[in-house]
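Thanks for asking me to look this one over. Here are my notes, in numbered points, on the ligand site and one residue beside the topic.

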Amino acid sequence: MDARQLGRTDLELSPIGLGSWQFSQGVGMSGSFWPSIDQETITSVTGAALNGGISWFDTAEGHGRGRSEQTLAAALSALGVRPGSVVVATKWWPFLRTARSIGSTIGKRLAFLSPYPIDLYQVHQPWSFSPIPVQMREMAQLVRAKHIRAVGVSNFSARQMEEAHAALAAEGIPLASNQVRFNLLDRRIEENGVLDTARRLGVTVIAWSPLAQGMLTGRFHDDPGLASRLPRSRRFMNGITPARLAVTAPLIGTLKAIAKAHSVTPSQVALAWTVSFHGDVVVAIPGASKPAQAEQSAAAMRLRLSSREMADIDEASKRCAASG
Ligand SMILES: NC(=O)c1ccc[n+]([C@@H]2O[C@H](COP(=O)([O-])OP(=O)(O)OC[C@H]3O[C@@H](n4cnc5c(N)ncnc54)[C@H](OP(=O)(O)O)[C@@H]3O)[C@@H](O)[C@H]2O)c1
């Protein structure tokens, strides 16, 4: 798959990037969501992603209070990656804060990611005490000061995207992206206006949890005992219950059949569908805790699904949504 332009910016991305919430090493509430993995493993995961053709990495202040930024930068350094040769995206955490903290915390973000520059800086949630236009004006100042190259948002509704886009446009800056949950088990952006608005405004949709945190790999369907051993938070976030495994089994069956025909895995089929079904507008950031997972995700960029296969997956996904 060819590289894609990030919104209307001059940045280019591989259709699949690497999500790095898994690199939080158990720090803070969000960090405790995933088992802690050591720096050596984080470096191997990052290396596997790069070797497979992944050219960008998504992290956040909110992932382990910045631990994921630090471990990602350490991994890239250990691998000898030249600053500027990969795209790095991170996020400002807006909860219980005003927009003023965008400017007052950027030094810490840059220090945590050093020597890698921040290419894309995103507002993680639409939850700040400050209105969206005020947040965007702060972001625009960071662009002008060359602290960041592009501005994105995350978990913004269609209306909130419009507002962010208009405020940035007044500063002569495009809104690059909206990072939202999108996968074969959660297709709300197709109905709630986010996807249509992104297309109209030239904004890239970055799909988080593109594998529904492992559900779409089929591993919990193959071994429901694995699902019951997951932390409660992860089971709750994804509705990983015996009833849901039963409802989603036909979709997993479709993914498996197509995977078999291409000698790939169901997760690769799910990822290829995610970044192809809507054309170039959607890119995805699967997370990985093991090098083999990152390798598989990267290789999904070499998978070409036929339009028949794409339609079969679409139908199976919609049937599973209709059955609850
Ligand atoms: N903006 C936001 O609000 C937001 C919210 C959530 C996530 N994100 C970002 O999106 C990224 C991805 O989302 P996510 O991590 O929630 O979910 P995800 O990418 O759907 O799932 C990642 C998990 O799936 C499993 N997995 C991945 N590849 C696999 C493979 N080939 N075979 C078997 N299992 C595999 C691994 O689980 P195990 O580790 O258990 O093996 C991995 O940790 C995050 O890392 C983060 O950067 C952003």
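1. A word on terms first: a residue is near the ligand here if one of its heavy atoms lies within 4 Å of it. Please keep in mind that this is a predicted model. There are 31 residues around the ligand, and those that come nearest are Gln 22, Ser 209, Leu 211, Arg 219 and Ser 289.

2. You may like the make-up of this shell around the ligand: 18 residues are polar, eight are nonpolar and five are charged.

3. Oxygen atoms of the ligand take part in several polar contacts. With Ser 209, the partner is a polar side-chain atom, 2.8 Å from a ligand oxygen. With Trp 21, a backbone N or O atom lies 3.1 Å from an oxygen atom of the ligand. With Ala 212, a polar backbone atom is 3.2 Å from a ligand oxygen. As for cover, the ligand on its own has 910 Å² of accessible area, and the protein covers 94% of this.

4. Now to Asn 183, which sits in the loop between strand S8 (175-181) and helix H7 (194-201). Is Asn 183 buried or exposed? Its relative accessibility is 2%, and buried means under 20%, so Asn 183 counts as buried.

5. The side chain of Asn 183 has two backbone partners worth a look on your screen: the nitrogen of Leu 185, at 2.7 Å, and the oxygen of Ser 209, also at 2.7 Å. Leaving aside residues up to four places away in sequence, Asn 183 touches Ser 209, Pro 210, Ala 212 and Leu 216. Of these, Ser 209 has the side-chain contact with the ligand described above, and Ala 212 has the backbone one.

Methods: Residues are numbered from 1 along each chain as its sequence is written. This is a predicted model: local features need pLDDT of at least 70, side-chain atom pairs count only at pLDDT 80 or more; totals for chains, interfaces and linings use all residues. Side-chain values use heavy atoms; hydrogens and water are left out. A polar contact is a pair of N or O atoms within 3.5 Å; within protein, one must be able to donate a hydrogen and the other to accept it, and residues adjacent in sequence count only if both atoms are side-chain atoms. Accessible areas come from the Shrake-Rupley method with a 1.4 Å probe; for residues, only the protein chains shown count as cover. Ala, Val, Leu, Ile, Met, Phe, Trp, Tyr, Cys and Pro count as nonpolar, Asp, Glu, Lys and Arg as charged, and the others, Gly among them, as polar. Helices (H or I, at least four residues) and strands (E, at least two) are DSSP runs, numbered from the N terminus. Buried means under 20% relative accessible area, exposed over 50%, partly exposed in between (1.4 Å probe, protein chains only). Contact means heavy atoms within 4.5 Å.
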